[in-house]
Structure formats: C-alpha cells, structure tokens
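Q: Please zoom in on aromatic ring pairing in this model. Start there, then work outward to the surroundings and the rest of the chain.

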Amino acid sequence: MTVNKAENNETARLSRDFGRLAVLGVILVVAGLVGLIYTGVATLTSMLLFGWLLLIGGTVGLLHAIQARGSNFFWLGVVVAALNIAAGVVVIGRPEAAAAALTMFAALLFLTGGVFRLAGSLVVRGPQFGWTLVQGAFGLLLGILVLASWPSSSKYVIGCFFSLGLLFDGLGLVATGFGGRKIVHIVSEQHEAAAKPTEPE
C-alpha cells in the first residue's frame with residue numbers, strides 16, 4: 001500500500017513538472033509572437049538584456065579574479081571582466097548603436113557562411129548537395145538583404161531573431177511538457193494494470 005502511494009505521488013509530481021514545463025512554453029510562445037509583432041521593442045529589449053548579462057557576467061568574473069589574485073590567470077581574468085563590463089555599459093547606454101553593429105556582424109556572418117556553403121556544396125557534391133546548396137543560397141540572400149537596408153534593418157533584425165528563438169523554444173517546451181505528461185499517464189496506467197491481481201478462470 002505504501003509502495004503504491006509513493007508511486008502515485010511520484011507520478012503526480014512528474015505530471016506537475018511536465019505541466020509547468022508546458023506552461024513555461026506557452027509563455028515563451030506568447031512572448032515570441034508579441035515580439036514578432038513589435039520587432040522594434042523586441043530589438044531594444046534583447047539588446048538591454050544582452051547588456052545586463054555582459055555587465056553582470058563581467059562583475060562576477062571580476063570578483064572571481066580578485067578572489068584568485070594569487071594565480072597566474074589573475075590579470076587575464078581582470079582584463080576579460082573589464083571588457084565585459086565596458087561592453088555591457090556601452091550596450092545599455094547605446095542599445096540602438098549596439099543593435100546596428102550586431103546586425104552588421106550578423107549580416108557578414110550570413111554572407112560568409114552562405115558563400116562557404118555554396119562553394120563547399122559545388123566542390124564536394126556529396127549526398128546532401130541540394131540541401132547544402134539551398135542553405136548557402138538562403139544565407140547569402142539573407143545577408144545581402146540585411147546589408148542592403150542597413151542601418152534601418154537593425155531596428156527589426158535582432159528583435160525578429162530573438163522572437164523566433166523564443167517562439168521555437170516555447171514550442172519545444174510545450175511539446176515536451178504535453179508529451180511527457182502523456183507518457184507518464186500511459187506508464188502509470190500500464191503499471192496499475194500489471195499490478196492488479198488476475199482472477200482465476
């Protein structure tokens with residue numbers, strides 16, 4: 001009796017955990033959809049979050065460097081922490097300029113990645129030739145489009161990517177939460193059915 005009660009409690013706990021995961025996923029999906037509608041706000045929000053992460057990470061790194069000031073990596077830790085803090089201050093103080101610079105960097109990454117994928121697919125011609133060719137062409141086209149409208153594209157590119165990331169992460173959490181709850185209930189029902197005593201014929 002005690003074993004069954006413990007198993008029921010564990011099943012209920014797992015079901016609640018997966019339920020919370022699904023709720024978090026729904027929140028992320030809603031945030032992603034709102035961000036796709038208001039891409040300008042999403043861009044500024046993502047840049048401010050990025051700036052605060054740099055600032056907090058730099059501060060924590062500086063504290064760790066001070067605690068390890070007797071080691072050989074003290075000055076390296078101080079320099080890296082100072083750079084993170086400085087970058088965080090700049091991003092928080094000038095989020096529009098930081099978004100423009102990051103958009104330019106992303107466009108150059110798309111361009112170089114697209115060129116390398118196109119060249120690699122044409123040279124190697126492996127089993128994934130068609131898919132690699134499409135990826136390369138898409139990356140090249142995306143980089144050209146972002147650069148062609150830069151710096152005005154910086155107002156929505158970062159926010160769009162940030163919102164899409166939230167959306168897809170949220171969908172993944174929703175699928176994991178509902179799938180996990182379903183699996184827990186199926187396993188619980190099968191276990192209860194196996195534990196029932198069979199009646200003699």
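A: Going by ring centres within 6.5 Å, the count comes to one aromatic pair. The partners are Phe110 and Phe161, and they sit edge-to-face, with 5.7 Å from centre to centre and 70° between the planes. Keep in mind that this is a predicted model, so these are computed values.

Now for where the two rings come from. Phe110 belongs to helix α4 (residues 95-124) and Phe161 to helix α6 (residues 157-195), so the pair links distant parts of the chain, 51 residues apart. Are these rings buried or exposed? Neither label fits: Phe110 counts as partly exposed because its relative accessibility is 25%, and Phe161 lands in that class too, at 34%. The cut-off for buried is under 20%.

Stay on helix α6 for a moment, as Ser163 is found there too. Ser163 is buried, with a relative accessible area of 1%. Leaving aside residues up to four places away in sequence, Ser163 touches Gly32, Gly35, Leu36 and Ala42.

Next, helix α4 again. Along with α2 (39-67), α4 supplies at least two residues of the largest nonpolar core. That core has six residues: Met47, Leu54, Val91, Ala98, Ala99 and Ile158. Val91 is a handy one to click on: beyond residues up to four places away in sequence, Val91 touches Met47, Phe50, Gly51, Leu54 and Ala98.

On the outside, look for a nonpolar surface patch of about 570 Å², made by Val26, Val30, Val34, Ile37, Tyr38 and Val41. Helix α1 (residues 2-37) gives the patch its largest share, four residues. Val34 is in helix α1, and Val34 counts as partly exposed because its relative accessibility is 41%.

Stepping back to the whole chain, there are six helices and zero strands, so to speak an α-α-α-α-α-α pattern when read along the sequence. Of the 201 residues, 25% count as buried. The accessible surface comes to about 13,500 Å², and 73% of that belongs to carbon and sulfur atoms. As for contacts between residues at least 6 apart in sequence, 80% join residues at least 24 apart. The Phe110 and Phe161 pair, with its 51 residues of separation, is a nice example of distant parts of the chain being linked.

Technical notes:
Residues are numbered from 1 along each chain as its sequence is written. This is a predicted model: local features need pLDDT of at least 70, side-chain atom pairs count only at pLDDT 80 or more; totals for chains, interfaces and linings use all residues. Side-chain values use heavy atoms; hydrogens and water are left out. Patches are made of residues with over 30% relative accessible area and no salt bridge: like charges are joined within 9 Å, nonpolar side chains (Val, Leu, Ile, Met, Phe, Trp, Tyr) within 5 Å. Accessible areas come from the Shrake-Rupley method with a 1.4 Å probe; for residues, only the protein chains shown count as cover. A salt bridge is a side-chain nitrogen of Lys or Arg within 4 Å of a carboxyl oxygen of Asp or Glu. Buried means under 20% relative accessible area, exposed over 50%, partly exposed in between (1.4 Å probe, protein chains only). Rings of Phe, Tyr and Trp (its six-membered ring) pair if their centres lie within 6.5 Å; planes under 30 degrees apart count as stacked, over 60 as edge-to-face and the rest as tilted. A nonpolar core is a set of buried Ala, Val, Leu, Ile, Met, Phe, Trp, Tyr and Cys residues joined through side-chain atoms within 4.5 Å. Contact means heavy atoms within 4.5 Å.
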